[in-house]
Amino acid sequence: MDGSGPKFFSLIDSVLGIALAASLLAAGPRALAETGAIMIAIGQMKLGSTPTGFTFARTGKGAASEWTVTEDQTALSGRAIEQTSTDRTDYRFPLAIHDSLSAANLDVEIRFKAVAGKIDQAGGIAVRLRDADNYYAVRANALEDNVRFYRVVRGRREQLEGADLKVTPNQWHTLRLRAEGERFTVSYDGKMLFRVIDKTFAEAGGVALWTKADSVTRFDQMTITTLP
């Protein structure tokens, strides 16, 4: 894992509450409008820098992940978080882990754009992340034209469900994952695709942006809503 590892693993409830409040204030009125919701303030991040408020890791093999804040006039705020490494190792999954959140039940939505990649052009969400080798993930792939839901256990990925549909490259799409107990609901561009039942990871864990192999993928929105 890159750096010193996810900070959320040692957070106690009181510290988490302070961190969540700070994130809400940074995210602005839209996030404050809904209790328990955080909208990551990508527009306030410095261009050319690594995204603030994240820890970076990688599942599998290959080079370390590389994340930066880039200018994109088609993004909602004119800026996006981009995974830029083009390492072609197939079993390689870069992660940008949100530092200040640990939850089991939550609703996460991202807005992503697949920019480039010869092996893959994928963007996704990881939840209940214990570490870089143990979590759930949903992703959309513009080379394969599908959406897949996985569990990753000890670094080994297993598909639990999926749907085949058009994922247009260089176009913004939304991907949403709702986790409630053992139930997971996946939506794409506002349409519910499928539901999954699984009990592998029941406890609270981290939330991350996810890509695969040499995918150059941009994210211009990440909204996290904690659920009861």
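Start by selecting D72 and K113: both residues are buried (buried means under 20% relative accessible area, exposed over 50%, partly exposed in between, with a 1.4 Å probe and protein chains only). Show their side chains, and you'll find them meeting in a salt bridge, 2.8 Å from N to O. The term covers a side-chain nitrogen of Lys or Arg within 4 Å of a carboxyl oxygen of Asp or Glu. D72 sits in the loop between β3 (67–71) and β4 (79–83), while K113 belongs to strand β6 (residues 106–116), so this pair ties together parts 41 residues apart in sequence. Now add E82 and R218 to the selection: with D72 and K113 they are linked in a network of salt bridges.

A word on what you're looking at. This is a predicted model, in which local features need pLDDT of at least 70 and side-chain atom pairs count only at pLDDT 80 or more, while totals for chains, interfaces and linings use all residues. Residues are numbered from 1 along each chain as its sequence is written, and side-chain values use heavy atoms, with hydrogens and water left out.

**Next stop: two more salt bridges**

Select D107 and R176. Their closest N and O atoms are 2.7 Å apart, in another salt bridge. D107 is in strand β6 and R176 in strand β11 (residues 173–180), so the pair ties together parts 69 residues apart in sequence. Toggle the surface here: D107 is buried at 7% relative accessible area, whereas R176, at 34%, counts as partly exposed.

Then go to D198 and R151, where the closest N and O atoms of the salt bridge are 2.5 Å apart. This pair links distant parts of the chain, 47 residues apart: D198 is in the loop between β13 (191–197) and β14 (206–210), and R151 is in strand β9 (residues 146–153). Both ends are tucked away by the numbers: D198 counts as buried at 9% relative accessibility, and R151 does too at 18%. If you want to keep hunting, the structure holds 15 salt bridges.

**The sheet**

Switch to cartoon. Helices (H or I, at least four residues) and strands (E, at least two) are DSSP runs, numbered from the N terminus, and the protein chain has 2 helices and 15 strands. Colour β2, β5, β14, β7, β8, β9 and β10: in that order, these 7 strands form an open sheet with antiparallel pairing. Two strands pair if DSSP finds at least two bridges between them. At the edges are β2 (54–60) and β10 (156–164), each pairing on one side only. Neighbouring strands of the sheet are turned by 25° against each other on average, direction ignored; the axes are lines fitted to C-alpha atoms, and angles run from 0 to 180 degrees between N-to-C directions.

Zoom in on strand β5 (residues 92–98), which 3 bridges join to β14, running antiparallel. Pick I97 and look across to β14: its bridge partner there is A208.

**Zooming out**

Colour by pLDDT, the predictor's confidence in each residue from 0 to 100. The chain's mean is 88, and 85% of its residues reach 70 or more. Select residues 1–35 and pLDDT stays under 50; for this stretch the model has 53 contacts (heavy atoms within 4.5 Å) beyond four places in sequence.

Finally, take in the whole chain: of its 228 residues, 54% count as buried.
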